[in-house]
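Q: Could you walk me through this one while I have it open? I'd like to begin with the strands and then move outwards.

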Protein chains: 2
Amino acid sequence: MYRINENYLKLQGSYLFSEIGRRVAAYKEAHPEKDVIRLGIGDVTQPIAPTIISALHKAVDEMGTPEGFRGYGPEQGYDFLRNAIAENDYRARGCEIAADEIFVSDGAKCDVGNIQEIFGTDNTVAVCDPVYPVYVDTNVMAGRTGRFDPAKGGFDRLIYMPCTAENGFSPELPGQVPDLIYLCFPNNPTGAAIRKEALQAWVDYANRNGSVILYDAAYEAYISEEGVPHSIYECEGARTCAIEMHSFSKNAGFTGLRLGYTVIPKDLKSGGVTLHSLWDRRHGTRYNGAPYIVQRAGEAVYSEAGKAELKAQVAYYMENARTIREGLKEAGFTAYGGVNAPYIWMKTPDGMTSWAFFDRLLAQVQVVGTPGSGFGASGEGYFRLTAFGTQENTREALRRIRSL
Amino acid sequence: MYRINENYLKLQGSYLFSEIGRRVAAYKEAHPEKDVIRLGIGDVTQPIAPTIISALHKAVDEMGTPEGFRGYGPEQGYDFLRNAIAENDYRARGCEIAADEIFVSDGAKCDVGNIQEIFGTDNTVAVCDPVYPVYVDTNVMAGRTGRFDPAKGGFDRLIYMPCTAENGFSPELPGQVPDLIYLCFPNNPTGAAIRKEALQAWVDYANRNGSVILYDAAYEAYISEEGVPHSIYECEGARTCAIEMHSFSKNAGFTGLRLGYTVIPKDLKSGGVTLHSLWDRRHGTRYNGAPYIVQRAGEAVYSEAGKAELKAQVAYYMENARTIREGLKEAGFTAYGGVNAPYIWMKTPDGMTSWAFFDRLLAQVQVVGTPGSGFGASGEGYFRLTAFGTQENTREALRRIRSL
């Protein structure tokens, strides 16, 4: 008789955003007349920019002709896109990353979930707390975390790095050295950014201790301050200790188009085996590349016209961030983030739990946010709002929140 | 110091099709004037059908408007597509599969590679020999196979089911009961089909022994004979023992668009846990759904106009299958398949090894096929040709092969 992967049974509850979706659906079912505003899941709302739409149409036309049709592409991505990424996201910033160190995929969520497979199941893993649940859950599924300990509010063998108002939402270098360290800056969910000197300290720590940093840079397009790195490869020595994941979802609205990429420098090796070769093998064996038309859309992101349109789109969302930050302040709440990130991380009022505040916001003013405790024990008492709504909805949501 | 996943080091050589790509590229570099015809990798050549192109354009237009824009979709796929699949691929064939038992993905290769994750690493695995390498390699990576044994020509703990001319390329029910059984019919690479009675015997075997059949139905659109099942769910009892994987690559030319689906009936359970719930959790945690525009393209596959266009496309390729089958026969070769499948499986002449014949075909007549030994030890001495070329190229390839 076959056996299931028992690690799945250790998973806590259902995936956070599915649970939110279920509660909102239940509320709307019971109150069909109410107008619910969603500032919960990190999904964008602005349509795909015109230059990208044109690139999609052009690629679709190609696929309909014998000359233009493309079947299986290179699993690692087409050169036109890998070159555009290398040029714009790295060389232009003085980072030494070659096009063939870039692996194009159907999104950062998949990459972030898959990357752990190339490591042994006996590696220790450190995550920030609060944390994007995918880092944790995929390691639970792989058997790296042990069981959930209700007393600890976390998994036995996982190293949690608390990020709270007390430490400015910046994790401290762990005393117990982890093998794998997940970092995400600008951070989801706290909206905190990291200064270059602080990130350099992490790179030095990893190189000193033989750890690998799995760096999630999904939100780099929202960085507005100087001295905040857009890539971990701006730090010296990152090529021997860091893997970086990028998304096209937040800078270009590709949440429904699906595109991302992962960088693995060839200098990153263990006992003579490069992680690049392992990931390359995984891509070749378990993946067939992102759709050609979507890769052409990705290329358009780096065109001059595309850049201009997306700069305006990011500015649009950052205006929402300002609306939320200032609106919460006026309403007497304490809030963080929203300067280099599209997320605002607020303290719940009156010591309410995160889910109690979620239910209250939904029931009383029909605004959906994300309960901080869904991101980990240290997120309890916090609540995440995102800047990805429309400006009209965002202003209306804050008007309602102020009326609470 | 972090450790890599040591199982990767057990993998044999590089992924078959990457190796073929490398040899062909080297040949073309050395002989730029030669015209190479590829009947190797199972990639289609006909452009995407007009009805599907229209659906893509329409969906792209939607994505460019505030009203039509879609961000994150349901990870399991949009209802419009799941319903179309349930109706056309199942209900219309008398199979009882609900829309929510269908998980849409970016391709059967990914699903076939990912599905093993929901099973424990201690399950025994049976594969046909020859076999599509992804079934084997993904289980090697997960640590289910043990080491490669050169004497056996295979992995220690893997159960190989030989499929040769002697048994009509139809595996026998294994004496040692496997927990997981990969079956692919119509078969890649042998082109063999399975009769309903024979598949029923597998279903009965699995139900009797507590095994799960992982059924790859990627080539069902090529079935031309009565009595050959298009889905394993045509067999009685399959809902309690079978998972089925489908591709849009071969019936609709989506190799570069990326779309597939996996069916997990809710009746398939172990100790009260449904495999459906595990896969659902995996989709929610590690995947973000196939692109909206590609799912709309998938929907168009099931429209009346789409069906008519794709029927013609399949007929076009099956004419190639006939050309290859008859051409090889005229040239004095022994060949199998090509009646219910787009693959022709030929014996190499004069006891040549598969790779020697590959090199000879490439060097002498510039035709690329796939060495049978790349699919497993029992594939040695065989060679695969695919019907996915253009009719012009296919006829020219056979003209050249006859001149050998």
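Q: How do β7(B) and strand β8 of chain B pair, and over how many bridges?
A: In this predicted model, β7(B) and β8(B), which covers residues 212-216, run in the parallel sense and are joined over five bridges. Within that pairing, B:Tyr182 stands opposite B:Leu214 in β8(B).

Q: And which way does β3 of chain B run against β7(B)?
A: Strand β3(B), residues 125-129, is also parallel to β7(B), to which two bridges join it. B:Val125 has B:Leu180 as its bridge partner in β7(B).

Q: How many residues of β7(B) are buried?
A: Five of the five residues in β7(B), which spans 180-184, are buried. The cover applies to both faces, with B:Leu180, B:Tyr182 and B:Cys184 buried on one side and B:Ile181 and B:Leu183 buried on the other.

Q: Why two sets like that?
A: In a regular strand the side chains alternate between the two faces of the sheet.

Q: Okay, the core then. Which residues touch the most other members of the largest nonpolar core?
A: They are A:Val127, A:Ile213, B:Val127 and B:Ile213, in a core of 254 residues.

Q: What does A:Ile213 touch?
A: Leaving aside residues up to four places away in sequence, A:Ile213 touches A:Ile181, A:Leu183, A:Trp202, A:Ala206, A:Ile232, A:Cys241 and A:Ala242.

Q: Switching topic, what turn lays chain B on chain A?
A: A turn of 180° with a shift of 0.0 Å along the axis does it, at an RMSD of 0.0 Å, and that is the relation of a two-fold axis. Of the residues of chain B, B:His57 comes closest to the rotation axis, its C-alpha lying at 3.1 Å.

Q: Through which surface do the copies meet?
A: They meet through the same surface, because 100% of the interface residues of chain B are also interface residues in chain A.

Q: Last thing, where are the domains of chain A?
A: The domain assignment gives domain 1 as 13-48 + 305-402 and domain 2 as 53-303, and the C-alpha centres of these two domains of chain A are 25 Å apart. Across the boundary, 32 residues of domain 1 of chain A are in contact with 39 residues of domain 2 of chain A.

Q: What makes up the side of domain 1 that touches domain 2 there?
A: The elements giving two or more residues to that side in chain A are α10 (304-330), β13 (335-337) and β14 (343-347), and α10(A) provides the largest share, seven residues. By class, that side of domain 1 of chain A has 17 nonpolar, twelve polar and three charged residues.

Note on methods:
Residues are numbered from 1 along each chain as its sequence is written. Chains are lettered from A and ligands numbered from 1 in the order in which they are written. This is a predicted model: local features need pLDDT of at least 70, side-chain atom pairs count only at pLDDT 80 or more; totals for chains, interfaces and linings use all residues. A nonpolar core is a set of buried Ala, Val, Leu, Ile, Met, Phe, Trp, Tyr and Cys residues joined through C-beta atoms within 7 Å. A residue is buried if 20 or more other C-beta atoms lie within 10 Å of its own, exposed if 12 or fewer, and partly exposed in between; C-beta atoms are placed from the backbone. Two residues are in contact if their C-beta atoms, placed from the backbone, lie within 7 Å. Copies are superposed by least squares on the C-alpha atoms of residues with pLDDT of at least 70 in both. Domain bounds come from an automatic or database domain assignment. Helices (H or I, at least four residues) and strands (E, at least two) are DSSP runs, numbered from the N terminus. Ala, Val, Leu, Ile, Met, Phe, Trp, Tyr, Cys and Pro count as nonpolar, Asp, Glu, Lys and Arg as charged, and the others, Gly among them, as polar. Two strands pair if DSSP finds at least two bridges between them.
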